[in-house]
Amino acid sequence: MGAQQDNKLNIPGEDLKYVYSSRQISNWYNCSIHSKKIEINNKSSNLVIIGNGNVSIDIARILALRNIEDLSQYDISTQRLKEIQYVKKYIKKVFIIARRGIEFSAFTTKQIRQFCVLAKKNNWRINVDLNEFNCLNLNRDNKRKIEVLQKYGNQIPIDYYRLN
């Protein structure tokens, strides 16, 4: 069913124009009756997504795919596909910023693998900080997520960095 209300992060700027919750974005591309028009800042080429859940991965995947045929595999209306294509011409970089470590991520190993496959196909660069993880303390699912990111790190450019 998904979130019924927005989760405020209490960070500076979250109430500015062109800042949307994941619920607002997913309602928009899914043509929900609760969706509002999404306005795009055509003066910026960056899309920043805060969160490391399955919806974050979906938003990045849908808004970063360059080929409209790649999007046709998703259940998105023709009208919304046209709007997404318009939005995409302004997006050059997509950033996913996780608020917490991979052990709190809601995406599945399959979802991150699919995302990495798309990244390889579309020549995306993925920036991930894997240095902070003590793999001994992670469960099997989270170890697999890291293994997928490390595997694709040998095939696509993955930058490792640390946010302090």
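Guide: Quick ground rules: buried means under 20% relative accessible area, exposed over 50%, and partly exposed in between (1.4 Å probe, protein chains only). Helices (H or I, at least four residues) and strands (E, at least two) are DSSP runs, numbered from the N terminus. What you're looking at is a predicted model, where local features need pLDDT of at least 70 and side-chain atom pairs count only at pLDDT 80 or more, while totals for chains, interfaces and linings use all residues. Residues are numbered from 1 along each chain as its sequence is written, and side-chain values use heavy atoms, with hydrogens and water left out.

Visitor: In what order do the elements of the protein run from the N terminus on?
Guide: There are 6 helices and 4 strands to place. Starting at the N terminus, the order is α-β-α-α-α-β-α-β-α-β.

Visitor: What percentage of the residues in the protein is buried?
Guide: The protein has 164 residues to count over. The buried share of them comes to 37%.

Visitor: Which residues make up the covered face of strand β1?
Guide: In a regular strand the side chains alternate between the two faces of the sheet. Strand β1 covers residues 46–50, and Asn46, Val48 and Ile50 sit on its uncovered face. That leaves the covered face to Leu47 and Ile49.

Visitor: Which residue in β2 is the bridge partner of valine 48?
Guide: Two strands pair if DSSP finds at least two bridges between them. β1 and strand β2 (residues 93–97) have 5 bridges and run in the parallel sense. Within β2, valine 48 is bridged to phenylalanine 95.

Visitor: About how much accessible area does the nonpolar patch on the surface have?
Guide: Patches take residues with over 30% relative accessible area and no salt bridge, joining like charges within 9 Å and nonpolar side chains (Val, Leu, Ile, Met, Phe, Trp, Tyr) within 5 Å; areas come from the Shrake-Rupley method with a 1.4 Å probe, and for residues only the protein chains shown count as cover. β1 and β2 each put in at least two residues. The members are Ile11, Val48, Ile50, Phe95 and Ile97, and together they have about 370 Å².

Visitor: Does isoleucine 97 count as buried, partly exposed or exposed?
Guide: Isoleucine 97 belongs to strand β2 and is also in the nonpolar patch. Its relative accessibility is 33%, so isoleucine 97 counts as partly exposed.

Visitor: Which residue meets aspartate 58 in a salt bridge?
Guide: A salt bridge is a side-chain nitrogen of Lys or Arg within 4 Å of a carboxyl oxygen of Asp or Glu, and the whole structure holds 5 of them. This one stays inside helix α2, between two residues 3 apart, about one turn of the helix. The N to O distance is 2.2 Å. The partner, buried because its relative accessibility is just 8%, is arginine 61.

Visitor: How many Å apart are the C-alpha atoms of glutamine 114 and arginine 61?
Guide: Glutamine 114 lies in helix α5 (residues 109–122) and counts as partly exposed because its relative accessibility is 35%. Along the chain, glutamine 114 and arginine 61 are 53 residues apart. Between their C-alpha atoms the separation is 9.3 Å.

Visitor: Which residue forms a salt bridge with glutamate 83?
Guide: Both partners lie in helix α4 (residues 78–88), 3 residues apart, about one turn of the helix. Glutamate 83 has a relative accessible area of 23%, so it is partly exposed. Its partner is buried, at 11% relative accessibility. With the closest N and O atoms 2.8 Å apart, the partner is arginine 80.

Visitor: In which helix do glutamate 147 and arginine 144 both lie?
Guide: These two form a salt bridge whose closest N and O atoms are 2.6 Å apart. Glutamate 147 is partly exposed at 39% relative accessibility, and arginine 144 is partly exposed at 29%. They are 3 residues apart, about one turn of the helix, in α6.

Visitor: How far apart in space are asparagine 41 and lysine 17?
Guide: Asparagine 41 lies in the loop between α1 and β1 and is partly exposed, at 28% relative accessibility. In sequence, asparagine 41 and lysine 17 are 24 residues apart. C-alpha to C-alpha, the distance is 8.7 Å.

Visitor: What is the phi of tyrosine 18?
Guide: Most residues other than glycine have a negative phi. Tyrosine 18 is in the segment before α1 and counts as partly exposed, at 35% relative accessibility. Although tyrosine 18 is not a glycine, its phi is positive, at about 75°.

Visitor: And what value is the phi of cysteine 31 near?
Guide: Cysteine 31 lies in the loop between α1 and β1. Its relative accessible area of 34% makes cysteine 31 partly exposed. Here too a residue other than glycine has a positive phi, near 55°.
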